[in-house]
Amino acid sequence: MSIYLATFGKLRYLGLAEIADEALTESGWVLLRTVRGLEMGRLGGHLSQEQEAKYRASCLGENGEQARGPEPMLQEVEFVANAGPEDMENYRRCRSDEERALVRAREILLEQDGLRMKLVDVEYMLDRRKLFFYFTSEQRVDFRAYVRDLARDFHTRIEMRQIGVRDEARVVKGIGPCGRPCCCSYWLHDFTPICIRMVKEQKLALNPTKISGICGRLMC
């Protein structure tokens with residue numbers, strides 16, 4: 001048995017799974033049981049004890065605890081099975097249905113009087129027992145009526161998740177000033193604090209358009 005690193009979810013959560021090496025296939029796509037439910041994940045390589053310790057340490061805050069809302073950024077996940085053709089088709093169908101769900105959810109949001117929030121994306125679990133809605137807002141919002149309307153329209157359990165603008169860039173993806181995909185959308189997992197002092201130390205021009213990412217914050 002070895003410890004493998006997996007990524008899953010639109011926020012690209014990290015999972016540590018204990019898996020027998022001979023149980024894996026070359027595709028790298030697996031079914032995982034996480035704190036959110038049954039999900040499709042992508043496996044990386046197996047980790048040494050030192051690598052595992054570094055991943056655990058990198059996801060801890062200053063108080064030594066993970067502080068990322070309802071779901072921790074790094075989770076202990078259960079390996080269920082390798083993903084077969086039917087699982088991959090179900091996964092693609094979920095992604096396709098999410099596009100239509102996002103459009104419909106935004107239409108319902110327009111009907112909510114005075115609800116000041118921006119709906120960023122939606123995500124189905126593989127068994128469709130949950131539908132996650134990711135949104136940004138500059139203030140606290142009472143979305144209880146909105147959730148009731150969503151549940152009535154989609155006939156499943158609704159989970160609302162407020163995210164920051166950096167996480168919005170991670171979910172939506174995009175092209176950075178360098179001409180490549182944003183680092184946070186495919187390999188950067190930890191948003192470390194960035195301050196203007198770092199810009200000055202590199203002797204860069206203090207031009208907001210040059211030192212800011214597409215999220216509007218200082219580039220990671």
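Student: Which strands does H2 lie across, and at what angle does H2 run to S7?

Tutor: This is a predicted model. In it, H2 lies across S7 and S8. H2 runs at about 145 degrees to S7.

Student: Which other helix lies across S7 and S8?

Tutor: Helix H4, residues 165–172, lies across them. H4 runs at about 50 degrees to S7.

Student: How do I read the sheet itself? What is the order of its strands?

Tutor: Look at the order, then the pairing, then the edges. Here 3 strands form an open sheet, in the order S7-S8-S9. The pairing is mixed. S7 and S9 each have a single partner strand, so they stand at the edges, with one side of each lacking a neighbour in the sheet. From one strand to the next, the twist averages 25 degrees.

Student: In which sense do S7 and S8 pair?

Tutor: They pair in the antiparallel sense, over 6 bridges. To see one position, find Lys118: it stands opposite Thr136 in S8.

Student: Back to H2. How many residues does it have, and how far does it reach?

Tutor: Compare the span with the expected one. H2 covers residues 85–110, which is 26 residues. From first C-alpha to last it reaches 38 Å, close to the 38 Å expected at 1.5 Å a residue.

Student: Which residues of H2 are buried, and what covers them?

Tutor: Among the buried ones are Met88, Cys94, Asp97, Leu102, Ala105 and Leu109. Their cover includes strands S3, S4, S7 and S8, and helix H3.

Student: Why does Arg106 count as partly exposed?

Tutor: Buried means under 20% relative accessible area, and exposed means over 50%. Arg106 has 39% relative accessibility, so it counts as partly exposed. Arg106 is found in H2. Setting aside residues up to four places away in sequence, Arg106 touches Leu119, Val120 and Tyr146.

Student: How many residues are in the largest nonpolar core, and where do they come from?

Tutor: The largest nonpolar core has 26 residues. Those with the most contacts inside it include Leu119, Phe133 and Tyr146. S4, H2, S7, S8, H3 and S9 each supply at least two residues. H2 gives the largest share, 7 residues.

Student: What does Phe133 touch?

Tutor: Leave out residues up to four places away in sequence. Phe133 then touches, among others, Ala105, Leu119, Leu150, Phe154 and Met160.

Student: How many residues are in the second core?

Tutor: The second, separate core has 25 residues. Tyr13, Val30, Phe79 and Tyr134 are among them.

Definitions and conventions. Residues are numbered from 1 along each chain as its sequence is written. This is a predicted model: local features need pLDDT of at least 70, side-chain atom pairs count only at pLDDT 80 or more; totals for chains, interfaces and linings use all residues. Side-chain values use heavy atoms; hydrogens and water are left out. Helices (H or I, at least four residues) and strands (E, at least two) are DSSP runs, numbered from the N terminus. The expected span of a helix is 1.5 Å times one less than its number of residues. Buried means under 20% relative accessible area, exposed over 50%, partly exposed in between (1.4 Å probe, protein chains only). Contact means heavy atoms within 4.5 Å. A nonpolar core is a set of buried Ala, Val, Leu, Ile, Met, Phe, Trp, Tyr and Cys residues joined through side-chain atoms within 4.5 Å. Two strands pair if DSSP finds at least two bridges between them. Axes are lines fitted to C-alpha atoms, for helices over the stretch in contact, and angles run from 0 to 180 degrees between N-to-C directions.
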